[in-house]
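Take a look at the chain below. This report walks through a few of its parts, one at a time.

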Amino acid sequence: MSDKQIIHLDLDTFYVSVERKMDARLTNRPILVGGTSDRGVVAACSYETRGYGVHSGMSMKLAKQLCPEAVVIRGNAGIYSKHSDEVTEIIKQETPLFEKSSIDEFYADLSGTDRFYGCYKLATEIRKKIIKETGLPISFGLSANKVVSKIATGEAKPNNQLMISQGTEKLFIAPLSIKKIPQVGDKTYQTLRHLGIKRIGTIQEMPEEMMVNVLGKNGGIIWRRAQGIDNRPVVAFNERKSISTERTFDRDTIDIKKLKSILIAMTENLAFQLRRGDKLTGCINVKIKYSDFNTYTKQMRIPYCSADHILIPHILEIFEKLYNRRLLIRLIGIKFSHIVNGHYQINLFDDNETSMNLYKALDKIREKYGDRTVMRAAGMESKTIGRMLNPFNGLPPVVLAHRKQ
Ligand SMILES: [Mg+2]
């Protein structure tokens, strides 16, 4: 058994809480956050709406029909990202090693900060500090590993905390629904329910092979999680992979139209990689190397995002600012960092189902036929920059060869 102490922190109904912080009149009222047109999608909803069958991801139109008294708010990715950063900053100050796993979720390894009760005290203080300094409700679970802590956070919510003592992990999760295991999605849940499996305790009593037979490799993972076993380490936030691409030209160039076209194609390619890994970037970077071999980079913090149509204008804006020497260019590149887990949802406030479905359709084509089969007309002048590796599927980090053209 590991002697680690891992905390999982999760902001409660994050977007809703930020809206309530800005307008106290929204407290205790049913709230829907998302795209506000009839074609918009619910990105978050308050606890008050849940009894009406409302959930995130459903169309705003249906949500409004189900819960007509709800206050509908158009989300603002910039404001949420800013609040997320404030919370991140506090966790960074207070913990030796932390991982930001999504815009509103964090893990931190508190092992060695003190003996066990010291960890719980520290965790409690971190939570208090976040609530006091940001005004946002947050819950935590503390245990020997990530999965038990995450489940504990879910049980603690809303706005509370829960510690699972060493050795009691199995006992704690046994009576809970199999749905509470993070790896159990809708499809797996249905499969297991068909087998009459409802509680985690039932999986605990099954042989591992049985789960593997039914669900393949994932069955093994789920079986181990059901035993309260999880050896995944906390991965330091700043060490999380960034993704990048760059190109060195055979002949140095000053053809701005061509350079921009390449930047657009590069952005499309990296953004596609983010989306297929369910990731968002919070920081983008452009690099230029001039013919005299001097290299300049410029970066910009942006609201967490994975949508081309938002990223491309930012990238071009950085390029315009960066490119200020009237010299030939030898190399250009872009990099996305501050990568966290997250879906399209955060990009949806300005958009609607149609544009989300468009991204999904385009990405499907890319997945099937290659990532250069569909692209923006403006990026078409550039030759291939992509490849079909998914940087988020556990393969080694992407190191892109310089492409000549
Ligand atoms: Mg949350």
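## Confidence first

This is a predicted model. The protein chain has an average pLDDT of 87, and 85% of the residues score at least 70. Two stretches fall below 50. Over residues 386-391 the pLDDT is below 50, yet this stretch has 16 contacts in the model beyond near neighbours in sequence. Over residues 393-405 the pLDDT also stays under 50. The model gives residues 393-405 20 contacts beyond four places in sequence. Where pLDDT is low, the predicted coordinates should not be read in detail.

## Strand E6 and its partners

Which residues of strand E6 are buried? Start with the count: 5 of the 5 residues of E6 (residues 105-109) are buried, so the strand is largely enclosed by the rest of the structure. Glu105, Tyr107 and Asp109 point one way from E6. Phe106 and Ala108 point the other way. All of them are buried.

E6 pairs with strand E1 and with strand E5, as the table shows.

| Partner of E6 | Residues of partner | Sense | Bridges | A residue pair |
|---|---|---|---|---|
| E1 | residues 6-11 | antiparallel | 5 bridges | Ile6 opposite Asp109 |
| E5 | residues 98-102 | antiparallel | 4 bridges | Glu99 with Tyr107 |

E5 and E6 are also linked along the chain: a hairpin of 2 residues joins them. Tyr107 and Asp109, the E6 residues in the table, point one way from the strand. Tyr107 is the bridge partner of Glu99, while Asp109 stands opposite Ile6.

## Helix H6 under cover

Helix H6 (residues 146-156) is mostly covered, with 8 of its 11 residues buried. The buried ones are Lys146, Val147, Val148, Ser149, Lys150, Ile151, Ala152 and Thr153. What lies over them? The cover of the buried H6 residues includes strands E1 and E6. It also includes strand E7 (138-143), strand E8 (161-163), helix H7 (169-173) and helix H11 (217-226).

## Two helices that cross

Two packed helices are described by the angle between their axes and the distance between the axes. Here, the axes of helix H1 (residues 14-22) and helix H4 (residues 77-94) come within 10 Å. They cross at roughly 95 degrees. H1 and H4 are therefore roughly perpendicular to each other. H1 brings Phe14, Tyr15 and Val18 to the contact. H4 brings Ile79, Tyr80 and His83. Of the residues in this contact, 5 are nonpolar, 1 is polar and none is charged.

Notes
Residues numbered from 1 in each chain as written. Predicted model: local features only at pLDDT ≥ 70, side-chain atom pairs only at ≥ 80, totals over all residues. Axes fitted to C-alpha atoms, helices over the stretch in contact; angles between N-to-C directions. Parallel < 35°, antiparallel > 145°, perpendicular 65-115°, else oblique. Contact = placed C-beta atoms within 7 Å. Nonpolar A, V, L, I, M, F, W, Y, C, P; charged D, E, K, R; others polar. pLDDT = per-residue confidence, 0-100. Buried ≥ 20, exposed ≤ 12 C-beta atoms within 10 Å, placed from the backbone. Pairing = 2+ DSSP bridges.
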